Structure formats: C-alpha cells, structure tokens
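Here are my comments on the structure you sent, set out as numbered points. They begin with the overall picture and then turn to strands, core and single residues.

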Amino acid sequence: KYEKVWLTFGMASLVIFLLIIGFAAFWKGTHPQSHLETIDQNNVEAHDSFKPENLGLTEVADGKYKVNIVASAFNYDFGVDKDEKAVKTIRVPQGSTVLFTITSKDVVHGFQVAGTNVNMMVEPGHISRYEAVMKNKGEFTIVCNEYCGIGHHQMFGKVEVY
Ligand code: CUA
C-alpha cells in the first residue's frame, strides 16, 4: 500500500518538475533577460523609446540618464542635436547611472562601450538594455563587436564622462 503512495508521489513530483521546466522555457523564453522585449524591426519608431525625438540622451532624474539608440548598418542613431546634426557623443557627469536601450533595424550588431562593462548584443526584433554607473572620467569609444557587413568598422560613437 505504501509503495503505491510513494510511487504516485514520485510520479507527481516528476510531472510537476517537467511542467516547471517547460513553463520556464516557453513562458520566459530561452533568450537572456535583456532580450525579453520584442519589437517590429521594420517599424522601430512605433516603440516610444525609438521615436526620433526620444533618441539619444535624456536626463530622467538627478544623476540618472537614459540613452536610446537605433543601430543599423553602419550607424548608431543617437538622434540629432539642435542644429540637426547627428549626435555621436554622449556626455554625462562622472558617477551617473545610464540606462542604454538599443535595438537594430537590420542585422545583429554589437554595442560595446570600451573600457566599461557595457557590452551588448543587439538583435533585430529585440530590445537590449543595460544600466551602468559611469565611475571613471574619460572618453570611451562605442564599438560594434559583431561583424555586420563591410561598414562594420565604421560603426562607432563615444561616451564622454566629465
Ligand atoms: Cu554593426 Cu558590426
């Protein structure tokens, strides 16, 4: 009699265990956390973060910033400045917390801020996010570290911490 109870208990545990794995795999997706949010790569402007006027640097609170970027071959779009010139340098004070939000319009790109721990893979159809504290002063080059075509080496930008 007891064997039957234990057998049932064992089987039930196994089923529950498999359900948890299945649930985790399908519900949460097999992507890393930064890729949880999906986006239509052909219409990134539909997402609030990637509307042209919301690109680039915004101060959200004292010492807190966000930077929205659209990557495409072979450019990082940080929006334009007041003279309608493409922004290439992001300037933030030392010690600020910066949330980088980026997506790609075409192929897989990289987004690495050399000399910091910001290093993301940017996939079309997904939004990558990374928040970093800019501890050190200096100029940090943004590079694409995923080969994305002939202009791969031309993809760059800069973060200036002052
Ligand atoms: Cu973009 Cu390499």
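1. A residue is taken as buried if 20 or more other C-beta atoms lie within 10 Å of its own, as exposed if 12 or fewer do, and as partly exposed in between. By that count, 23% of the 162 residues of the protein are buried. Please keep in mind throughout that this is a predicted model.

2. On overall dimensions, the radius of gyration of the protein is 21 Å, whereas a compact globule of 162 residues would have one near 15 Å. Along the principal axes, the C-alpha atoms fill a box of roughly 80 × 35 × 25 Å. The division into domains should be read beside these values: domain 1 covers 2-30 and domain 2 covers 35-161, and the C-alpha centres of the two lie 42 Å apart.

3. As to secondary structure, the protein holds 1 helix and 10 strands, and, read from the N terminus on, the order of elements is α-β-β-β-β-β-β-β-β-β-β. Among contacts between residues at least 6 apart in sequence, 60% join residues that are at least 24 apart.

4. Strand E5 (residues 97-104) deserves a closer look, since 6 of its 8 residues are buried and the strand is therefore largely enclosed by the rest of the structure. E5 pairs with strand E2 (residues 64-72) in the parallel sense over 8 bridges, and in this pairing Lys-64 stands opposite Thr-97. With strand E8 (residues 128-133), E5 pairs in the antiparallel sense over 6 bridges, where Thr-101 stands opposite Arg-129.

5. Is Thr-97 buried, exposed or partly exposed? Thr-97 lies in strand E5, but it counts as partly exposed because it has 15 C-beta neighbours inside 10 Å. Not counting residues up to four places away in sequence, Thr-97 touches Gly-63, Lys-64, Glu-131 and Val-133. His-47, by contrast, is 50 residues from Thr-97 along the chain, and the C-alpha atoms of the two are separated by 23 Å.

6. An open sheet is formed by 5 strands in the order E4-E10-E9-E6-E7, with mixed pairing. Its edge strands are E4 (89-92) and E7 (119-122), each of which pairs on one side only. On average, and with direction ignored, neighbouring strands of this sheet are turned by 15 degrees against each other. Within the sheet, strand E6 (residues 109-113) and strand E9 (residues 138-143) run antiparallel and are joined by 2 bridges, with Gln-112 opposite Val-143.

7. The largest nonpolar core has 26 residues, of which Ile-69, Ala-71, Ile-102 and Phe-111 touch the most other members. Two or more residues come from each of E2, E5, E6, E7, E9 and strand E10 (156-161), and E2 gives the most, with 5 residues. As general background, nonpolar side chains tend to be buried together in soluble globular proteins.

8. Which residues are in contact with Phe-111, leaving aside its neighbours within four places in sequence? They are Ala-71, Phe-100, Ile-102, Met-120, Val-122 and Ile-142. Two of the residues named here, Ala-71 and Ile-102, are listed with Phe-111 among those that touch the most other members of the core.

9. Phe-156 lies in strand E10 and is partly exposed, because 14 other C-beta atoms lie within 10 Å. Leaving aside neighbours within four places in sequence, Phe-156 is in contact with Thr-141, Ile-142 and Val-143. Lys-88 is 68 residues from Phe-156 along the chain, yet their C-alpha atoms are separated by 7.9 Å.

10. Two backbone details should be checked in the viewer. A cis peptide bond, with omega of about 5 degrees, joins Ala-73 and Phe-74, and Phe-74 has its place in the loop between E2 and strand E3 (75-77). Glu-84, although not a glycine, has a positive phi of about 65 degrees. Glu-84 lies in the loop between E3 and E4, and it counts as exposed because it has 6 C-beta neighbours inside 10 Å.

Definitions and conventions
Residues numbered from 1 in each chain as written. Predicted model: local features only at pLDDT ≥ 70, side-chain atom pairs only at ≥ 80, totals over all residues. Domains from an automatic or database assignment. Helix = DSSP H or I, 4+ residues; strand = E, 2+ residues; numbered from the N terminus. Pairing = 2+ DSSP bridges. Axes fitted to C-alpha atoms, helices over the stretch in contact; angles between N-to-C directions. Core = buried A, V, L, I, M, F, W, Y, C linked by C-beta atoms within 7 Å. Contact = placed C-beta atoms within 7 Å. Rg over C-alpha atoms; globule rule 2.2 N^0.38 Å.
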